[in-house]
Structure formats: C-alpha cells, structure tokens
Amino acid sequence: MRLRGVTKIYGETRAVDGVDLEIPAGSFYGLVGPNGAGKTTTLSMIAGLLRPDRGSVEIAGIDLARRPSLAKRQMGILPDRLRTFDRLSGRQLLYYYGVLRGLKPAVVENRIGDLARAFDLTDALGRSVAAYSAGMTKKVMLAGAMIHSPRLLVLDEPFESVDPVSSAVILDILQKYVAHGGTVILSSHGMELVQRACSGVAVLVGGRILASGSVDDVRDGRTLEERFLELAGGTSAVEGLEWLHTFSD
Ligand SMILES: Nc1ncnc2c1ncn2[C@@H]1O[C@H](COP(=O)(O)OP(=O)(O)OP(=O)(O)O)[C@@H](O)[C@H]1O
C-alpha cells in the first residue's frame, strides 16, 4: 500500500497534510496519533470511502482513483463509528458482506460459521445487530471485513470496546493472517498493543507523519508510549482548572 502526498482539507482544517507512506505486503502496521490527528481521515482515503483533495493511493500496485473497483476488491475495511445495516441480524449482515463481495452462497454460509465461532458470535447470529453491544458490533463488522479473504485489512480502532479475551482472539487471527502474507493497517490508541503486535508504525500529528518505520526504529530505545508523548506534545502542565479543586458544595 502506498500513499503519495495524500491531503484532505475541510474548510480551514488540513485534516491530512501531504502524507507519504509505504507499507510492504505482509506488514502489521499501526497508525497512531492524538485525537483529531487525521487517522480516520487517512484510513478512509486508503479504503476509498473518502477522495483525497491531492495525492494518490495505491493498493497492491493498483491506483485507487483510476481503478476503484479492482483496488477495493483487495481490501476489507472496518470503518469508523461502525455505521452498518444494523436492522439485519448478524447472520444476514455477514451473508450480504459475503455475496456482495462476489462469493457463492454456500461458501458464505461456511465462512459465517467459521467466523462466528472464531469471534464467539454463534449465539448472537440470529439477533438484530442494532441490539449488539459496541464490542459485538465491532466483532461482527470485523468478521465481515474478512469474509472475502482480502489482501489488505484497513481497520479503524479494531480493539476499542472489545473485551480482553476477544482482543486476544482478534490479535491472534490478525497475526496468523499476516503470517500468511496478508497486510493489516490499523489505528489504535493502545501504544502497548501496537508496540507488542505491530511490525511498523506511523505517528500522525496534525495531519502529518512525524515518525514512521519499524516499531523499534520509531521508539528508539524508549517505549512507544514515551516516544509518542514526546512527538505528540507530551504531558504539558494543566493550568486554568484550579476552580475544579474548589468544590462548589
Ligand atoms: N467531515 C468532516 N468535516 C469537517 N472536519 C472534519 C471532518 N472529518 C474530520 N474532520 C476534522 O479533521 C481532523 C482529523 O479528524 P480524524 O477523525 O481523521 O482524526 P482521528 O485521528 O481519527 O481522531 P480520533 O483519535 O479522535 O478518532 C479533525 O480536526 C476533525 O475535526
């Protein structure tokens, strides 16, 4: 996956500002940055959900702007805010994810069973997704992102709201996927998890990449969290909230 000069501007806000990034096939790549840094905007442009104002996105050598259908076929995506067709049951949702990706119904049925077992959703498949918890919704959408065995998974905060057991299962699934040649790019606020699981990382601050490369190179002898705090502005002294310490009762 290759980004060249990718830029997105909303009015006065340069949400993503000339990002260059190359992620080799078979990488497990983390995109980290403070709130509002441009992670979701960047991932949405990689996924083809948002069009860059400038720059280009290439997926498996395919230019996303020139051949969008072919490029999108290579990807499975977990979008921000979990917008989905939540009046469907989990089984129906996964079924549509599969057949809309061109799989035969019998193949989809088999894969739904396998994914539901892996993500511990078997008992929930008959219920409407609107009635799922946040973590269950994330898991069913992650299962949907994988159902057509894409080359690249673009995952916006896949571990947020997911319980520790399910997180470990998801991590294991993703690591095996990468070990077999798949590529993952995910955003996360979990520095410890990114340091432990990812091979590469990019630190995005104010729409720009301040550091990128292998996790060990980026953290440079410190923990990723320490390096992140240094790059993202650190723990500046909080002033102006003294009134919070004078209780009003
Ligand atoms: N649709 C939009 N219209 C206007 N501004 C937007 C829009 N989407 C994002 N922005 C702005 O672009 C910037 C980057 O937002 P983005 O959602 O990409 O950040 P993020 O790194 O994913 O943040 P978080 O960690 O909080 O999820 C922010 O300043 C945000 O307010």
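1. Let's start with R2. Leaving aside residues up to four places away in sequence, R2 touches E22 and E58. This is a predicted model, by the way. R2 sits in strand β1, which covers residues 2-10. Is R2 buried, exposed or partly exposed? It counts 17 other C-beta atoms within 10 Å, and 20 or more would be needed to call a residue buried while 12 or fewer would make it exposed, so R2 comes out as partly exposed. For a sense of distance, R2 and R81 are 79 residues apart in sequence, and their C-alpha atoms are 25 Å apart in space.

2. Now the overall layout. The domain assignment splits the chain into domain 1 (1-74 + 152-249) and domain 2 (82-149). Taken over C-alpha atoms, the centres of the two domains are separated by 25 Å. Where they meet, 9 residues of domain 1 are in contact with 10 residues of domain 2. On the domain 1 side, helix α6 (residues 164-179) gives the most, with 4 residues.

3. Next, the nonpolar core. The largest one holds 67 residues, and the members touching the most others are L94, V140, A143, V154, V184, I185 and V201. Helix α5 supplies the largest share of this core, 7 residues. Why does the core lie between the two domains? Because domain 1 and domain 2 both give residues to it. As background, nonpolar side chains tend to be buried together in soluble globular proteins.

4. V184 deserves a look of its own. Not counting residues up to four places away in sequence, V184 touches F28, Y29, L153, L155, L174, Y177 and V178.

5. Over to helix α3, residues 90-100. Which of its residues are buried? They are G90, R91, L93, L94, Y95, Y97 and G98. The cover over these buried residues includes α4 (105-118) and α5 (134-146). After α3 comes G102, which has a positive phi, near 90°.

6. Finally, how α3 and α5 pack. Two packed helices are described by the angle between their axes and the distance between the axes. Here the axes come within 9 Å and cross at roughly 25°. Angles under 35 degrees count as roughly parallel, so that label fits α3 and α5. The crossing of α3 past α5 is right-handed. On the α3 side, the contact is made by G90, L93, L94 and Y97, and on the α5 side by V140, A143 and G144. L94, V140 and A143 also appeared above, among the core residues that touch the most other members.

Conventions. Residues are numbered from 1 along each chain as its sequence is written. This is a predicted model: local features need pLDDT of at least 70, side-chain atom pairs count only at pLDDT 80 or more; totals for chains, interfaces and linings use all residues. Helices (H or I, at least four residues) and strands (E, at least two) are DSSP runs, numbered from the N terminus. Two residues are in contact if their C-beta atoms, placed from the backbone, lie within 7 Å. A nonpolar core is a set of buried Ala, Val, Leu, Ile, Met, Phe, Trp, Tyr and Cys residues joined through C-beta atoms within 7 Å. Domain bounds come from an automatic or database domain assignment. Axes are lines fitted to C-alpha atoms, for helices over the stretch in contact, and angles run from 0 to 180 degrees between N-to-C directions. Angles under 35 degrees count as roughly parallel, over 145 as roughly antiparallel, 65 to 115 as roughly perpendicular and the rest as oblique. A crossing is left-handed if the near helix is turned anticlockwise from the far one by less than a right angle, and right-handed if clockwise.
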